[in-house]
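I opened a fresh notebook page today and went looking around one structure. Here is what I looked up, in the order I looked.

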Amino acid sequence: GLRVGVLALQGDVREHAAVLTALGAGVVLVRRASELDDVAGLVLPGGESSVMDKLTRRFALRDPLRERIAAGLPVYGTCAGLILLADRLLDGIAGQQTLGGLDATVRRNAFGAQNESFETRLAVPALGDAPVAATFIRAPEVVEVGAGVDVLARLADGRIVAVEQGPLLGTAFHPEVDGETRFHARFLEQVRAAV
Ligand code: GLN
């Protein structure tokens, strides 16, 4: 069957693994480069992007991850994971790097402090008529996208919070904490199309 990875260095790994398992995928928790060889897609979870950045370098995962992404690996990044996927980062900590792949600029912590986290309902036409319950936890926003990037969702004020570029999917919010499975299903469709 289909085997997909969840980058398991830090963050809300379990929540993603649970959604993917419920959708019938085999899940590999990726902590080392050899585990990356076994997967046909990868989820970059929420958490703290600066910590994940440091850990990918410490565990020699940065270059293998960048190579797989460049080679077309389907990837779904939520929140900190979206930050990791973006080519350009604003308001990172000193020296913070991203993996890149997604032709977009994201601003980290764009909605203020942790206590300014919020939930909202978002229209995401690509996923059908039912709105998405979206939880934003110290979330980034997408401030600019390249020509090859589709905007899947915006907040009422126009800020971009979900994007797609070929096999790369990113959301500023966390569908995995609300029982929303359509983004993961969409990611798995990309994985099936790529294998
Ligand atoms: N503020 C976090 C960061 O920089 C992201 C928060 C999240 O993933 N919920 O990476």
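**Entry 1: strands side by side.** Before starting, I noted what pairing means: two strands pair if DSSP finds at least two bridges between them. I also reminded myself that this is a predicted model. With that in hand, I looked at β7 and β8, which pair in the antiparallel sense over five bridges. Across from Ala134 in β8 I found Thr120.

Next I followed the side chains along β8, residues 132-136. Which of them are buried? I found Val132, Ala134 and Phe136 pointing to one face and buried, while Ala133 and Thr135 point to the other face and are not buried. My textbook rule fits here: in a regular strand the side chains alternate between the two faces of the sheet.

**Entry 2: a helix with two sides.** I turned to α4, residues 62-70, and noted that Leu65, Arg68 and Ile69 are buried. They cover an arc of only 100° around the axis, so they sit on the same side of α4. The general reason is friendly to remember: an α-helix has 3.6 residues a turn, so residues three or four places apart point the same way.

What covers the buried residues of α4? I listed α2 (33-36), α3 and β4 (75-78) as included in the cover. On the other side of α4, I found Asp63, Glu67 and Ala70 exposed. Just after α4 comes Gly72, with a positive phi of about 105°.

**Entry 3: around the ligand.** Which residues surround the ligand? I wrote down Gly46, Gly47, Glu48, Ser49, Cys79, Ala80, Ile83, Arg108, Asn109, Ile137 and Arg138. Sorting this shell by kind, I got four nonpolar, four polar and three charged residues.

Then I checked UniProt, where an unreviewed entry lists Gly47, Glu48, Ser49, Arg108, Ile137 and Arg138 under "binding site". These span 92 residues in sequence, yet no two of their C-alpha atoms are more than 12.7 Å apart, so they gather at one spot.

**Entry 4: two residues from that list.** I looked at Gly47 in the loop between β3 (42-44) and α3 (49-58). Is Gly47 buried or exposed? I counted 22 other C-beta atoms within 10 Å, and the cut-off for buried is 20 or more, so Gly47 is buried. Leaving aside neighbours within four places in sequence, Gly47 is in contact with Gln10, Gly11, Asp12, Met52 and Ala80.

Ser49 has its place in helix α3. With 30 other C-beta atoms within 10 Å, Ser49 is buried too. Setting aside neighbours within four places in sequence, I found Ser49 in contact with Ala80, Ile83, Leu84 and Arg108.

**Entry 5: positive phi without glycine.** I ended with two loop residues. Asn109, part of the shell around the ligand, is not a glycine but has a positive phi of about 50°. I placed Asn109 in the loop between β6 and β7 (118-122). Asn109 has 17 other C-beta atoms within 10 Å, so I wrote it down as partly exposed.

Asp91 also has a positive phi without being a glycine, near 65°. Its place is in the loop between β5 (86-90) and β6 (102-107). Asp91 counts as exposed because it has 12 C-beta neighbours inside 10 Å.

Technical notes: Residues are numbered from 1 along each chain as its sequence is written. This is a predicted model: local features need pLDDT of at least 70, side-chain atom pairs count only at pLDDT 80 or more; totals for chains, interfaces and linings use all residues. A residue is near a molecule or strand if its C-beta atom, placed from the backbone, lies within 6 Å of it. Ala, Val, Leu, Ile, Met, Phe, Trp, Tyr, Cys and Pro count as nonpolar, Asp, Glu, Lys and Arg as charged, and the others, Gly among them, as polar. UniProt positions are given in the numbering used here, feature names are shortened, and annotations may be inferred rather than shown by experiment. Helices (H or I, at least four residues) and strands (E, at least two) are DSSP runs, numbered from the N terminus. Two residues are in contact if their C-beta atoms, placed from the backbone, lie within 7 Å. The arc is that of the directions from the helix axis to the C-beta atoms.
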